[in-house]
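This report looks at how some rings and charged groups are placed in one protein chain. Please keep the sequence and the 3D view at hand while reading.

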Amino acid sequence: MNTHTLTLPKALPQALSKALLPKTAPRAAFGKIVLNEVRLAWRLPAGLIFGIALPLVLLIIFGEIPGMHQPQASMGGLTLFPVYVPILISMAIAILALISLPAALVSYRDQGILRRLSTTPVPPSWVLAAQLVVNFCIAMTSLVIVVVVAITAFGLDVPQNPGALVLSIVLSIAALFAIGLSIAAAARSGIAARAIGAGLFYPLLFFAGMWLPRPLMPVILQDISNFTPLGASVQAMQDSMQGQFPPAEPLLVLVGYALVFAFIARRFFRWE
């Protein structure tokens with residue numbers, strides 16, 4: 001009996017893989033990844049607690065202190081409360097960007113999630129993009145809550161230049177998120193990412209004016225603050241809320257941080 005060996009054309013496996021696996025994942029897959037990240041953020045609510053609840057609690061505490069609503073001669077007749085609103089907004093963005101975002105991405109890398117995704121039609125960069133989307137939404141939710149509560153409960157004046165305020169917030173998010181991605185690129189573990197983020201967060205929060213408002217800082221500290229991401233963010237937001245368009249300096253500082261650290265993150269980020 002003659003035995004015939006069935007020989008498959010060499011191109012057939014490639015043709016089957018092309019037919020069964022699309023070149024690119026369907027757009028609906030990205031929506032599912034975002035939805036999954038939302039569920040994880042809800043089950044592990046550290047970002048929600050520190051990104052939304054903490055600034056809101058501090059806002060209420062500051063708003064209930066009578067001295068925060070009394071004009072200060074050392075600040076040109078301004079009260080402390082409206083000075084602290086942009087600081088709390090910047091703090092919320094910084095918590096998410098410097099601590100929550102890099103810790104999550106490094107954790108995914110340590111667990112091999114990004115490496116396993118590279119074997120599927122879904123690109124690993126979609127997980128990164130989904131994390132950015134979720135943290136951006138949390139940041140926007142936080143700032144809306146802070147501003148609305150400050151206006152309705154504590155008599156904060158409605159921002160006089162909303163367009164400039166939105167621009168300042170978007171540039172602040174871009175700058176700080178780029179720094180957060182750079183932390184994720186540099187950190188070797190989730191613990192290291194949190195340590196690096198916290199090590200940056202507290203000095204930057206000082207230069208934002210949390211413990212000593214920027215108008216009361218010595219000149220040398222003001223000059224340093226002007227070139228930090230949180231200092232520039234607070235300066236731009238305060239000018240916008242007072243009806244002025246921010247000067248070019250803080251906006252350019254934020255753009256510079258966004259571009260430089262985005263390049264660093266893109267250059268050195270490791271998927272595995």
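In this predicted model, the charged end of R109 lies over the ring of F269, at 5.5 Å from the ring centre. R267 has its charged end over the ring of F268, with 5.0 Å to the centre. The table lists both.

| Charged residue | Ring | Distance to ring centre |
|---|---|---|
| R109 | F269 | 5.5 Å |
| R267 | F268 | 5.0 Å |

Rings also pair with each other, and the model has five aromatic pairs. One of them joins F81 and F154: the ring centres are 5.5 Å apart and the planes meet at 55°, which falls between the limits of 30 and 60 degrees, so the pair counts as tilted. F81 belongs to helix 4 (residues 80–110) and F154 to helix 6 (residues 125–154), so this pair ties together parts 73 residues apart in sequence. Are these two residues buried or exposed? Both F81 and F154 are buried.

Another aromatic pair, Y257 with F261, is stacked, with 6.0 Å from centre to centre and 15° between the planes. Y257 and F261 are four residues apart in helix 11 (residues 248–268), so about one helical turn separates them. In general, an α-helix has 3.6 residues a turn, so residues three or four places apart point the same way. F261 has 24% relative accessibility and therefore counts as partly exposed.

Helix 6 can also be checked for length. Its 30 residues, at 1.5 Å a residue, should span 44 Å, and the end C-alpha atoms are 42 Å apart, which agrees. Just after helix 6 comes G155, with a positive phi of about 75°.

Conventions. Residues are numbered from 1 along each chain as its sequence is written. This is a predicted model: local features need pLDDT of at least 70, side-chain atom pairs count only at pLDDT 80 or more; totals for chains, interfaces and linings use all residues. Side-chain values use heavy atoms; hydrogens and water are left out. Rings of Phe, Tyr and Trp (its six-membered ring) pair if their centres lie within 6.5 Å; planes under 30 degrees apart count as stacked, over 60 as edge-to-face and the rest as tilted. Helices (H or I, at least four residues) and strands (E, at least two) are DSSP runs, numbered from the N terminus. Buried means under 20% relative accessible area, exposed over 50%, partly exposed in between (1.4 Å probe, protein chains only). A charge sits over a ring if NZ of Lys or CZ of Arg is within 6 Å of the ring centre and within 35 degrees of the ring normal. The expected span of a helix is 1.5 Å times one less than its number of residues.
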